Amino acid sequence: MVFTILAAVIPLVLIGGIIAGVVYAFNRRRTDSSAIRVTAPRDFFLYLLATVALYISAIGAMTVIAGLADFWFPEALDRGELTAGPLRFGLSMLIVAFPIFLYVNRVIHGKIASGEVEPESTMRAGFTYFTLFVIAVTALVDLMVIVKVYLNGELTPRFLMKAVGVLAIVGLVYRYYQNDLKASSDESPGPPPGPEVIV
Amino acid sequence: MKLKWKGPLESRRAVGIVATAAVVILVVAGLFAAGSPATARKFRIDRDRTERLNNLHASLAAHARENGSLPENLNDLQPNTPGGEFTEEFDPRRDPQTGELFQYRRISDRQYRVCATFLTSSLDRRDEGYYGPGGSPSHRAGRNCYDRRLSTEELRSDFFPKDPRLIPPIPEMMGSPSPAPRDTPATTPAGTPSP
């Protein structure tokens with residue numbers, strides 16, 4: 001199931017990134033800034049890496065929450081069918097991808113602070129809005145499934161923990177990008193801010 | 001884009017800190033739930049042991065089919081594939097961990113007792129579920145003995161149940177004689193190879 005999600009999400013990220021890149025390339029001609037032109041591919045792959053690492057972290061966290069829910073809320077007839085395999089896979093995703101996400105974001109914001117990366121570029125907004133879109137769809141589907149399961153009378157604590165876990169992660173990612181948009185629109189007019197921001 | 005938010009998580013930094021804390025908590029809780037790699041290894045060894053005990057049962061059944069009775073000891077047991085040989089990697093007569101022969105005693109022509117020492121209790125098992133032919137014997141950590149009996153079907157044809165979960169667990173020998181296990185229905189057509 002995790003592989004299915006990954007197989008669905010990664011092409012989406014790639015397509016979204018390419019769209020953002022194309023939009024940016026068209027936009028670039030008008031701005032006519034040679035500094036940005038040279039660094040565009042670098043910025044593109046930084047954003048892409050951050051996005052992929054974020055998605056893998058989020059899916060890993062959801063997988064771990066689901067595994068913990070299975071573990072904490074055992075149900076009859078589980079014995080022998082439940083495995084720790086998905087839980088371990090989620091852990092490995094979290095352990096590897098989340099530090100990469102933190103690091104790449106640190107690099108991006110370091111470059112924004114030093115003026116190397118334009119915080120208000122179309123490319124950056126493209127990635128941000130693409131992620132916001134994915135988040136919206138995820139939350140929508142999650143709520144839909146909750147309603148459907150509730151109507152089926154299958155709303156167990158285990159399921160609730162999984163569903164709420166997905167919502168919590170999605171909410172956290174949403175808050176992050178919301179603040180990101182706000183910060184970059186606040187930052188850009190004034191002088192470059194000091195060395196701030198870890199994440 | 002101006003978005004107003006009063007309350008916690010007001011800055012990107014705050015979200016980052018919360019997310020990092022959440023990830024740390026999830027990883028710690030997940031590692032506790034999934035068990036340590038050493039524990040996982042013990043479960044895998046016990047799963048292999050279970051698998052071998054089930055294969056041993058299949059080999060003993062095959063031996064009994066050909067010779068009319070169970071072997072006196074495990075050295076007399078031959079592989080149940082024609083011309084096959086027990087290899088070092090796979091020898092159902094031997095414990096996968098120690099490499100020693102399982103403790104085996106013939107009770108009658110179609111009844112035997114086998115003992116093995118397990119590292120874990122199958123009640124704690126959350127490893128990849130495994131069901132071998134004949135079902136997973138439940139085991140406690142430590143020495144477990146099983147009185148097993150060849151069913152009429154097993155003596156007649158190859159015994160390979162379609163759904164191993166339907167097979168009742170093998171009763172454990174706990175000092176007193178255990179009741180004979182029920183004969184199990186549902187066999188696949190003869191000739192199905194045991195894994």
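**Nonpolar cores and sheet architecture**

In the predicted model, the largest nonpolar core comprises 45 residues, and those with the most contacts inside it are A:A50, A:A58, A:A61, A:M62, A:V64, A:L94 and A:F101. Two or more residues of this core are contributed by each of α1 (2-31), α2 (34-72), α3 (85-113), α4 (122-151) and α5 (157-187) of chain A, and also by α1 (12-34) of chain B. The largest share, 17 residues, is provided by α2(A). The surroundings of one of the residues with the most contacts inside the core, A:V64, involve both chains: when residues up to four places away in sequence are not counted, A:V64 touches A:L87, A:G90, A:L91 and A:L94 as well as B:L26 and B:G30. A second core, separate from the first, contains 15 residues, among them B:L53, B:A61, B:L70 and B:A116.

Chain B also holds an open sheet of 3 strands, arranged in the order β1-β2-β3 with antiparallel pairing. Its edge strands, each pairing on one side only, are β1 (103-108) and β3 (142-149) of chain B. From one strand to the next, the twist averages 20 degrees. Strand β2 (residues 111-118) of chain B is joined to β3(B) by 8 bridges, and the two run antiparallel. Within this sheet, B:A116, a member of the second core, has B:N144 of β3(B) as its bridge partner.

Helix α2 (residues 37-67) of chain B lies across β2 and β3 of chain B, and runs at about 165 degrees to β2(B). In soluble globular proteins, nonpolar side chains tend to be buried together.

Technical notes
Residues numbered from 1 in each chain as written. Chains lettered and ligands numbered in written order. Predicted model: local features only at pLDDT ≥ 70, side-chain atom pairs only at ≥ 80, totals over all residues. Core = buried A, V, L, I, M, F, W, Y, C linked by C-beta atoms within 7 Å. Buried ≥ 20, exposed ≤ 12 C-beta atoms within 10 Å, placed from the backbone. Helix = DSSP H or I, 4+ residues; strand = E, 2+ residues; numbered from the N terminus. Contact = placed C-beta atoms within 7 Å. Pairing = 2+ DSSP bridges. Axes fitted to C-alpha atoms, helices over the stretch in contact; angles between N-to-C directions.
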